[in-house]
Amino acid sequence: MLVTAAGGPASLRLSEAFCQYRGQPLGSLFFCTSLFLFVGGFLILLGWKCGRRALSRVCVLRHSSPDTPTQPQGNTDPVFSLRRSLRMWAISIISAQHLPGKILMLLTFGANVCSVVTYFAMTRQPVEHCMQGYSHEFLVDVGFHVFYLLIFGVRFLAAEDEVCAWLDLRSLIDVFTIPPSLFGLLTGRVWLGLRFLRALYLLELPIVLQILNILESNTSVKLSRLVAVLVGSLLTSAGMVHLLENSGDFWSPPHFLTYFECVYFLVVTISTVGYGDVQISTTFGRFFIIVFISTALGMFASYVPEVIEIIANRKRFEGSYRNTSGVTHVVVCGHITLNTASAFMKEFLHEDRGDVVVHVLFLGSFHPDQELEAFFNLYFMKATFFCGSVLERKDQERVMLDKASACLILCDRFTTDQNNEDAANLMRVISVKQYCPNTRVIVQMLRHSSKAYLHNVPNWDWACGDAVICLAELKLGFMAQSCQVPGLSTLLANLFTMHSEVENKGESWQKLYREGLYNEIYTEHLSVSFTGMTYAQASKLCFFKLKLLLIGIEYQTGERVLSVLVNPSSTIRIKNQTLGFIIASSATDARRASLYCSACHSNINDLSKMRRCKCKSAKYTNVSLMTPSVTSLGCPRRSIGVLPSSSKQKYELWLTGQREQQHTGCLEKDVQLDTTGMFHWCPPMSLQDITLTRQTARELSLRNHVLVCVFGDEGSSLLGLGDFLMPLRASSLTVPELKTVVFLGEPQYFSREWMNINYFPKILFLPGSPLCGADLRALSVENCAMCVVLSAFSSLGEAEPAMQDKETILSCINLYHIHFSPEQSLIHTHASTHSQTYESVGPRLPETSYPTRTGATVPLLVDLVNTSNVQYVSKVDSAHSVSSLALTQAFAVGSVFSVDLLDSLVAATYFNANVPALICTLVTGGDTPLLEAQLAEDNQLQEGVMTPRLLAQRQRPKLAMLALNEPPLNCFTCHVFKDLFCKALDSMEILCFGLYRLLDPPNPSMKRFVITNPPAELPLKITDKVYCSVHFHQSHLLCGGHPDVLPRDPGSAHSTHTPPTPRV
């Protein structure tokens, strides 16, 4: 009970009747007692620690003396053992890893919150006052501080370093709050003092909520931490203002303010409003406000908007999807950024697909930044972002994953740890298939070896449309096909990528290129009118009547056995509802194949008016352009280009081809395949056996070979060169068609790749640098069929786009400025007249006499990480700004490639489940369950037994390039492309689907550009080369190439040792 002294207000004076100190304030004494306790305790502990350390050093010196007997190991001092036991007991009590520690932490936090509430109640009284009797608030406060004293003792006993424990924030709070509370029992005087410091325990709110399993997401933890810092700082600062103002200065009377007024004043101050109705009068109070504004204003200015943003985003991005309209939806997860999301939506909603009625739900474990949020606002009618993880069941339920048409998982192409990225996507696949086994999954992978693990994922089923897009495998596969058939990477990439049309001006080569650029591959069920036709008849019908190019079909040979056949033979008859692979400019045009009726549409001239006829004999499949294709789902994984039931016939056909090859002088010898029959194989050799020196490389006189310049070291991520060699060693190629592949790079890097490619024939390696002109000259770069530049260095940390491809750019610039001596050209020209031991066929450069070359004329194919860097690779493209890599001259001629071009395959696979099978047929050289099982077993190909069944796997059509002015096409008289298409298909079953034409003059480098699906009336030129599909038994038509290795003249000088020869 408060009694006032005469002549003053009760709130500002101390009672003299009940005060044994006659009304003298003792607040300074209370504070100094806590301060002396803290400083004294710190000095004592510091002295004890230093003394103990010095004593231990003395003991070490004594024990190290030779006269001192050796003491037994272990400390048997009972005091030490007791202290260690007590410390272990204290740790078990306060550690949050144990249940008692969790309970104690919760009790401590709750007690501190109650102490803050008690402090609020005690602020109704003056800061310092006498008590006639102990009030309830005071007794409760003392009880809490006794509990804190016990906790302080246990915490101090468990500390490993007593000095650090003494300086801990919790110890500071205890030292400055416990003594004043206990001294109040002895003096009968209450001094509120620094009790407000208990509000700092609110900083442990996130930990407490996590212990109670209230917080589960990172966003919730962050929000609770921000709120705890804001509230704890505000309450503590308000308590300091309340203490300073109500205590007054030493030379001036106090200024009475309630605690609420202090909180109100600070809120007004940090909000920069400053009403002025509450003022700070004391000097100490104003000094504290100066410090508070300079430190807390910035913190509050940044924390408050962040808290508001998190709360707003929680409501916006953490809701649940409700499909009230019945629209199909798809879930996209994995690596979601502005670049990946924009690329996906651009391809997913491309105008050539028609009106896509599918809602896209992006699921990411983060809150989007402003740029990404603006992107989703742009597509708010088609896309929605949800914050969550596909690994959590509750988040899957929020996006209705079990009802989604598919789950698409994107990967980070620029990661420095490809294995970890693939493992993360595998975990996402496992999570989806565990909770939603019937949901279709399409996942991006980086490494080819990661595909094998999908076979072990529960509920993974190729028949349900589950698919994997391996970016490294496809990128290297596209580039390898360009080594065998120049420009093929451009043609195939254009077919699997959708492009928006741009205005074509003039009659330049760009017009022809862009007309072909806007063609893509679609799948449609062929109408009943095609039933019973051969492929040649159906293809000509599509080409001449429907303005479509039918390149292949999906053929069913059994109940549940499907084969993807490109340019099938005349023995195959099209069955009812056969799925056709069609090259067209849009999905609407491709649908003509399913609408065509021979009775009703035979005389139609305007194809845009073709509609479903009412003929009773016509039957149509109800496949909408707006929904993903589900054709062929429910069947097992497809056989790639081979009919499983025709092994005997194929073997006989192969023998016929062998006789034709023998007749033309192109007979294969010593053919050896792997166990799958998909690739050429040879006994593994050591790296030393195929390693060259510059001298031995010159003696080989390499020609028409593939030179691969690899940048990498012992710490670089592996490119997976096996994916590059597989298409070049496909069993559909004959031995004379196999080009020698020579690698140039660091031996430390290549030795890591060698273990996965040492079973492929005709491989050589030269240790050196792609930037060294001497190494390039030794490998006859001027006479190579293709020079490929690959870089294994990571570009993740490069801020400038040009630096992401610095090795590739430097290599190109170095190659462009290399000049080859005339003697080298004379040597190679003279050597070409000798006998050819190793024949290698395929497309050749326009020059048939191989004149002297400069570096600018070397056929080049580079891999770009950043597509904008094409300006440094191509001088022509550096002068013109283009919006897409596909519109550049370097890409049109087949000189550059980028993995960015493969981003469209996820969307393409969603709408067309047959895309992966067709890509494997055209690009990667073959992909069967047996092959993947073999690679999953030991990541190695094994020797196969040459049986008719194995040899039958070779009977696959292959992509090739034939010149119009050379056999076998020079026997035809063709003026326009439709004549060539018809005569080649009828006479030789050769499917022509593209042209490789010389650029407009001036063209000193004799470069060519790609024309995809040429118009029927396009006039042909004598210098044109034709992209075509040739059957395996017609491989003799491709003979006549130049050798990889030219034998040396017997009369010429020889080296002291024999150079290694490519393995056959």
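The following paragraphs describe two sheets, a helix pair, the largest cavity and some backbone features of a predicted model.

In this predicted model, local features need pLDDT of at least 70 and side-chain atom pairs count only at pLDDT 80 or more, whereas totals for chains, interfaces and linings use all residues. Residues are numbered from 1 along each chain as its sequence is written, and side-chain values use heavy atoms, with hydrogens and water left out.

The parallel sheet comes first in this account. It is an open sheet of 6 strands in the order 16-15-14-17-18-19, with parallel pairing. Helices (H or I, at least four residues) and strands (E, at least two) are DSSP runs numbered from the N terminus, and two strands pair if DSSP finds at least two bridges between them. Strand 16 (763–767) and strand 19 (896–897) are the edge strands, each pairing on one side only. Strand 15 (residues 741–745) runs parallel to strand 16 and is joined to it by 5 bridges. Within this pairing, leucine 744 stands opposite leucine 766 in strand 16.

Two helices pack on this sheet. Helix 24 (residues 721–728) touches strand 14 (706–711), strand 15, strand 16 and strand 17 (786–791), where contact means heavy atoms within 4.5 Å. The direction of helix 24 makes about 160° with that of strand 15; axes are lines fitted to C-alpha atoms, for helices over the stretch in contact, and angles run from 0 to 180 degrees between N-to-C directions. Helix 25 (residues 747–754) touches strand 14, strand 15 and strand 16, and its direction makes about 155° with that of strand 16.

The second sheet is also described as open. Its 4 strands have the order 20-23-21-22, with antiparallel pairing. Strand 20 (958–963) and strand 22 (1008–1012) stand at the edges; each has a single partner strand, so one side of each is left without a neighbour in the sheet. From one strand to the next, the twist averages 30°. Strand 21 (residues 991–998) and strand 23 (residues 1025–1030) run antiparallel and are joined by 5 bridges, and leucine 995 stands opposite valine 1026 in strand 23. Helix 17 (residues 509–517) lies across strand 21 and strand 22, at about 40° to strand 22.

Two packed helices are described by the angle between their axes and the distance between the axes. Helix 15 (residues 471–484) and helix 16 (residues 488–495) pack at an angle of about 135°, with their axes 7 Å apart. That angle makes helix 15 oblique to helix 16, since angles under 35 degrees count as roughly parallel, over 145 as roughly antiparallel, 65 to 115 as roughly perpendicular and the rest as oblique. Phe478, Gln481 and Ser482 of helix 15 meet Leu488, Ser489, Leu492 and Ala493 of helix 16. These contact residues divide into 4 nonpolar, 3 polar and no charged; Ala, Val, Leu, Ile, Met, Phe, Trp, Tyr, Cys and Pro count as nonpolar, Asp, Glu, Lys and Arg as charged, and the others, Gly among them, as polar.

Helix 15 also contributes to the lining of the largest cavity, with 4 residues, the largest share. A cavity is a set of points on a 1 Å grid over the protein atoms alone where a 1.4 Å probe fits but cannot get out, and lining residues have an atom within 4 Å of a point. The largest cavity is lined by 22 residues, of which Arg413, Gln418, Lys475, Leu719 and Ser791 lie nearest its centre. Its lining divides into 12 nonpolar, 7 polar and 3 charged residues.

Most residues other than glycine have a negative phi, and most peptide bonds are trans. A cis peptide bond joins proline 967 and proline 968, with omega about 5°; proline 968 is in the loop between strand 20 and helix 36 (977–988). Another cis peptide bond joins proline 1001 and proline 1002, with omega about 0°.

How values were computed. 1 Å grid on protein atoms, 1.4 Å probe; cavity = no way out; pocket = protein on both sides within 12 Å on 5 of 7 lines; lining within 4 Å.
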